[in-house]
Amino acid sequence: MLALIKTSNGIGNIELQEVDIPEISSSEVLIRVRACGICGSDLKIFDDQHPFIPPVVIGHEFSGEIVEVGSEVVNWKVGDRVVSEQHVGACGHCRQCLTGNAFACKFKQAPGYFTDGAFTEFIKVPAWLLHRIPDTLSFEEAAFTEPSAVAVHGVLERTGINPGDTVLVLGCGPIGIAAAKMAQITGASDVIITGLEQDEKARLPKAREIGIDHVVNIQKIDLDKFVNELTNGKGVDVVIELAGALPAIQQAFNLVGPLGRLGIIGQPPTDDVQIPYRQALFKALKVSFSYSSKFSSWEKALSMFERKSLKPTELITHILPLKDWEEGFQLARSGEAVKVVLIP
Ligand SMILES: [Zn+2]
Ligand SMILES: [Zn+2]
């Protein structure tokens with residue numbers, strides 16, 4: 001089968017190569033991949049700015065159907081349409097695993113980074129990671145479950161949104177737009193999403209199109225002034241930081257009001273980030289860092305898809321065959337696309 005492989009460290013070093021179909025163990029299933037989305041972290045792997053162990057098949061936002069089940073697998077059969085959590089290798093015995101937080105198990109080997117991923121025809125995963133795709137969803141839509149689960153986990157499960165909250169989402173990538181929509185679904189009174197001039201190509205217009213309350217191009221509009229006017233100087237109740245840029249992180253602390261909540265999902269380029277520590281203390285902020293997702297995040301994301309309160313089709317702007325991955329990566333990088341999905 002053809003697989004998109006990061007062959008070695010360094011910038012680039014990604015190519016389509018012929019590899020063997022994986023062999024499953026008794027607790028695994030083999031999945032025919034039907035769709036796999038391009039994630040910002042795939043671009044970072046291209047740029048050598050995200051951890052991975054080469055050579056590795058990249059791609060992790062996938063959906064597909066089961067074509068083989070291991071001898072010990074119960075509840076799943078050939079033909080089932082599935083998506084899969086990312087906690088391949090999680091031990092099942094540590095505190096994180098036992099409390100439903102396998103994403104933080106130190107033995108986890110996420111597909112597409114540390115073990116072979118899904119920009120290819122077949123992937124094997126442990127059966128306990130699977131979730132069933134509702135009949136009403138296409139494989140392309142289902143491929144958006146993973147990024148949506150990341151938003152559910154960071155926004156709804158770790159930070160929390162209450163009806164009536166004013167919510168500021170910094171960054172308008174696919175997870176940002178999904179996060180803003182989820183805040184609205186949960187009953188936020190006003191949701192603001194921000195982006196840059198380059199996001200006017202697709203992402204900010206998309207946020208306007210799907211009805212996010214306030215869509216702010218921060219290179220045209222003064223965000224501090226905008227938030228001050230909207231909240232009568234109080235600051236927002238919740239900031240979700242998804243830009244991963246140092247000025248945005250500063251702004252997150254400045255624009256959240258007293259007793260506000262700050263959800264941090266965006267990954268900054270460096271480990272050392274200066275924050276207004278005393279200001280955060282005297283505002284009594286609640287700060288939640290978040291990465292990855294858990295069982296409940298996936299079920300909630302799929303439920304929102306099924307109810308059509310969150311519609312992946314609105315965010316998937318490009319569907320390309322796997323062989324055109326370079327074009328797909330370019331579309332994702334340039335900001336001309338919201339979400340690009342590759343079909344192997
Ligand atoms: Zn992703
Ligand atoms: Zn564990």
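# Strands, domains and exposure in a predicted model

Reader: Which residue is the bridge partner of C36 in strand 16?

Author: In strand 16, C36 has L342 as its bridge partner. The model is predicted: local features need pLDDT of at least 70, side-chain atom pairs count only at pLDDT 80 or more, and totals for chains, interfaces and linings use all residues. Residues are numbered from 1 along each chain as its sequence is written, and chains are lettered from A and ligands numbered from 1 in the order in which they are written.

Reader: What makes a run of residues a strand or a helix here?

Author: Both are DSSP runs numbered from the N terminus, a helix being H or I over at least four residues and a strand E over at least two. The protein chain has 12 helices and 16 strands. Strand 16 covers residues 339-343.

Reader: How do you know that strand 3 and strand 16 pair, and in which sense?

Author: Two strands pair if DSSP finds at least two bridges between them. Strand 3 (residues 28-37) has two bridges to strand 16, so the condition is met, and the sense is antiparallel. Strand 15 (residues 316-321) is joined to strand 16 by five bridges and runs parallel to it. In that pair, I316 stands opposite K339.

Reader: What makes the unit of strand 15, helix 12 and strand 16 right- or left-handed?

Author: A crossover is right-handed if, with the strands pointing away from the viewer, the path from the first strand over the helix to the second runs clockwise. The β-α-β unit of strand 15, helix 12 (residues 325-334) and strand 16 is right-handed.

Reader: Why is R261 called buried or exposed?

Author: R261 has 22 other C-beta atoms within 10 Å. A residue is buried at 20 or more such neighbours within 10 Å, exposed at 12 or fewer and partly exposed in between, with C-beta atoms placed from the backbone. The count for R261 passes the limit, so R261 is buried. R261 lies in strand 13 (residues 256-264). Four of the five residues of strand 16 are buried as well, and buried residues make up 46% of the 344 in the protein chain.

Reader: And why are A284 and K308 called buried or exposed?

Author: A284 has 9 other C-beta atoms within 10 Å, so A284 is exposed. K308 has 11 within that distance, so K308 is exposed too. A284 has a phi near 55°, a positive value in a residue other than glycine, and sits in the loop between helix 9 (277-282) and strand 14 (286-289). K308, also not a glycine, has a positive phi of about 65°; its loop runs between helix 10 (295-307) and helix 11 (312-315).

Reader: What makes two residues a contact, and which residues does R261 touch?

Author: Two residues are in contact if their C-beta atoms, placed from the backbone, lie within 7 Å. Leaving aside neighbours within four places in sequence, the contacts of R261 are T159, G160, D237, V238, K286 and S288. R261 and V238 are 23 residues apart in sequence, and their C-alpha atoms are 4.8 Å apart. Of the contacts in the protein chain with a separation of 6 or more, 68% are between residues 24 or more positions apart.

Reader: Where do the domain bounds come from, and where do the domains lie?

Author: The bounds come from an automatic or database domain assignment. Domain 1 is 2-132 + 311-343, and domain 2 is 151-289. Their C-alpha centres lie 28 Å apart. Nine residues from domain 1 and 11 residues from domain 2 take part in the contact. The side of domain 1 that touches domain 2 has three nonpolar, three polar and three charged residues. Ala, Val, Leu, Ile, Met, Phe, Trp, Tyr, Cys and Pro count as nonpolar, Asp, Glu, Lys and Arg as charged, and the others, Gly among them, as polar.

Reader: What makes strand 2 and strand 4 edge strands?

Author: The open sheet of three strands has the order 2-1-4, with antiparallel pairing. Strand 2 (14-18) and strand 4 each pair on one side only. Strand 1 (residues 2-6) is joined to strand 2 by five bridges, in which I5 is partnered by E15.
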